[in-house]
Each structure stands twice: as C-alpha cells, then as structure tokens.
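Visitor: Please select one part of this structure and describe it closely, from its overall arrangement down to a single residue.

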Amino acid sequence: MLRFQWVLLLLWAGIAGAAEGPSSPLGLEPGTRRLCNDDLGVIVWGPDSAPTLSVGKSDVWDRRLPAGENRIITLKELIEGAKNSDPAIVKGAPWYRAYNNYDFPCPKPVGQLILRLPFVTESGKVSCRENPREVVLTAENGDKKLQLKIFVSAVRNVIVIQGSAQRLQPGDLAIRLWRHRDTILPGGEVHPTLGGGNSPKDFEQLAPPRAGQNDDLFWVAQDFPGEATFPDGFTASLVCSAGDVAADYEMVEGTAGLGTPMVAPQEGRIAHGLTKRFTPINESPGACATATLRAIPESFVIYATAATTQDDSDPLSHAAKVLAEAKALGVDALWTEHVRQLDAYDAGTRGQAVAADGRVLLDFPWGGVPYRMRPQGYYGDVPLCSVDSTKFCYQDSGMWHADFHFNEVEATGSCI
C-alpha cells in the first residue's frame, strides 16, 4: 500500500505540473499546492486573473445508499463474519452493491473561493511564493500591486487571506464563492474505475446549490438528502467575510460559467488511480456569491470558513461565530498561534527509517496535533484512504469512491 501511495503521489504531481503554462504559475487545474488542517483543505490554483482556492472539508460526503440495498451491517457482525470465515467478508465480496453501480457514497467538494483580479491583464503578471505554512501571491500591472498571504489556520477552521495593496482602484478586486451543481446523474456515466457503463436511474440528482448574503457575510451552500446519520438532511456551506472593507454584493443561482474552469491536457482515465472529469463540472450551472470591494485599502483581511450540519444544526450560524472570533483575534494573533502550533508539531515525535549501516533514510514528524502524518504526506481525515484525503476533493466522484476502506467496499478483507 505504501509503495502504491507513493506512485499515485508522483503521478499526480507529474500530471498537475504538465497542465501549468507560462501564463499561470499556479496551474490551470487543482494540483499539489495545498494548505490544510485536519478538517479543512485548500488547493491553490487558477489563472493569473482569478487565483482560486478549491475548498474541501473532511465531513462532506454524498452518503446515499439506494433503496433495496442490503441492510446496514454492524461492526460486531463484520468481526463475527470474519472470525467465521464468511466469504462475503473474508474474500472481500461487496456487501453493498452500491459500490459497483453508483458513483456514491463518495466525498464532495465544498466550493471555490475565487480572487478575481480584473486589473491583471496580458501585460500584468502573478508570482507565487510558498512553504508548508502559507502561500503568498503577488499580482502586478504597471503601478498597481497586490500581495495576498494565504494560510489555513492550524488551530481553527479559518482560511485567512491577508492583503497588501498599492494604487488599486474600486473594482480591482472581487471575492467570489462558487459551487457547481453536482454532475452525478441518473443514467449517467459510471466512474471508469467501477467498470464504466451507465448508472441506474433510481436516484435523483442533488439539489442545486444556493447563494446568500447577510451583512458582511456571503456564502454558497449545498444541501444533501437525508440519510441514516442526518435524517433531516445535511448541508455544507462555504462562508466568507470581507472584514471591515465595504463591498457590493451579487447573488446568482442556476447559471453556468461563473466558476474557474479546470483545464487539463487530457480528460478521462489518465492512469491507474487518476481520472479527470472536468468538462461536465465546467459546463454545469451553479450558484455564486460575489463581493466586489468598493475601495481597496493598503491593508485588509479576508476571512473564510466551511461549516456543515455536523458542526451545528445551523451551519451558517456556526460559520458566523467562527469568523467573528477570527476577526476579533486579528490576523497577527491568528498567524502567531498558527506558527506556534506548527512549530510544536515539528518539534514533537519523529519517525525514522535507519539502514543497517546506520544511515538515516527517513526522518519526519509523526503523529500529534495538528496533523496525522505518513512519510509521503498527510492522511488527513481518512487514514485508510490510498488515494487522497477527502478534504482535498474538488470533483464530484472520488477515485474508487475515495477508496473508503470500510464495510461497503471490497477492501474489507484487507482491513480485517
């Protein structure tokens, strides 16, 4: 499994790098430029005029199981079946047919946070400086300059974008939140890793996403149907605040072409463990909430978070509280606690691999807060996932349903 994960990581890095062009130091599709904590994940990418943060969260799943499936098996029954050599368990036969016939259960993206920079034209340029703690973007065109320092707090679920501007005019910066409508359709194409073909028609497409605004908060939200854990349904919201900067707001729903399109040299099944299904998402209608800053001060801070029904029965209320606390602390205090937490983690327990002659082959942080580590990267929220962490989901269907190795998947035997 470890070697397989390394290969996937290298394949992904190579493919993502191939999509990068001279006009976009960030790449034109989500790639390996990532910021996260244990729950919230951000991929930074996009064209010069629209640097984009693809935002994901560990608990955003399309967890539907079609009617007529086998009843839910308990952990006790799973263990007893393994002890009794039940072939449905030990030989890895799927308990739920859903895994072989549907693109769900699977993780879902929360949305895009797009930094729209209309002042960056063909004569402008954007550069990027990054490390594991932050990404710093610098956009310049003539005497106009904008620097954006982006980090995901290691302590709290907050995305912080600290801006420093020179000679920017009203309208030179807008923040857009976008969520496309889910593209998993009844009778539509089944994920290639599941054998291709068409899915059954006994389910409904997810509801269209919603957009809204209240005071200085604006958001997009995706609703999911009720299931066993959340019988009243589940909602995932991407919520943003422009802080104290005055802005004009615009809400649009049911419209295509307002998000940042993902551009790849090739779509479809690129390699074992890598499939790109960008075109349906790029063409899908969706919802967006846009805040266009009226006057752009020399320094400002944009705060954002993702909140779900698992956080609170009222995700928007929860998000408002999280963002209010962040604004009350201020960007300097947020950065200080972020760095302190990461320093403590780096100084904690380390894992090593030592050769027979005493050479240290690997030396890396292991375990602890805020991250759960493996030698080649973050486990994030799904320790048994050989493909990726669900918090970095940006497509509608994860590889092998994100390889979620529990009782509804053929990998049960390996897990036991």
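Guide: The account below turns to the open sheet and then to one residue within it. The model is predicted: local features need pLDDT of at least 70, side-chain atom pairs count only at pLDDT 80 or more, and totals for chains, interfaces and linings use all residues. Residues are numbered from 1 along each chain as its sequence is written, and side-chain values use heavy atoms, with hydrogens and water left out.

The open sheet is built from seven strands (DSSP runs of E, at least two residues, numbered from the N terminus) in the order S1-S2-S3-S6-S11-S18-S15, with antiparallel pairing; two strands pair if DSSP finds at least two bridges between them. Its edges are strand S1 (34-36) and strand S15 (247-255), each with a single partner strand, so one side of each has no neighbour in the sheet. From one strand to the next, the twist averages 20 degrees, where axes are lines fitted to C-alpha atoms and angles run from 0 to 180 degrees between N-to-C directions.

Within this order, strands S6 (residues 111-116) and S11 (residues 174-180) run antiparallel and are joined by five bridges. Arg 116 has Ala 174 in S11 as its bridge partner.

Strand S3 (residues 52-57) contains Thr 52. Thr 52 is buried (under 20% relative accessible area, 1.4 Å probe, protein chains only), with a value of 0%. Setting aside neighbours within four places in sequence, its contacts (heavy atoms within 4.5 Å) include Gln 112, Leu 113 and Ile 114, as well as Trp 45 and Thr 260. The side chains of Thr 52 and Thr 260 are also joined by a polar contact of 2.7 Å; such a contact is a pair of N or O atoms within 3.5 Å, and within protein one must be able to donate a hydrogen and the other to accept it, while residues adjacent in sequence count only if both atoms are side-chain atoms.

Technical notes
Helix = DSSP H or I, 4+ residues; strand = E, 2+ residues; numbered from the N terminus. Buried < 20%, exposed > 50% of the residue type's maximum accessible area, 1.4 Å probe, protein only.
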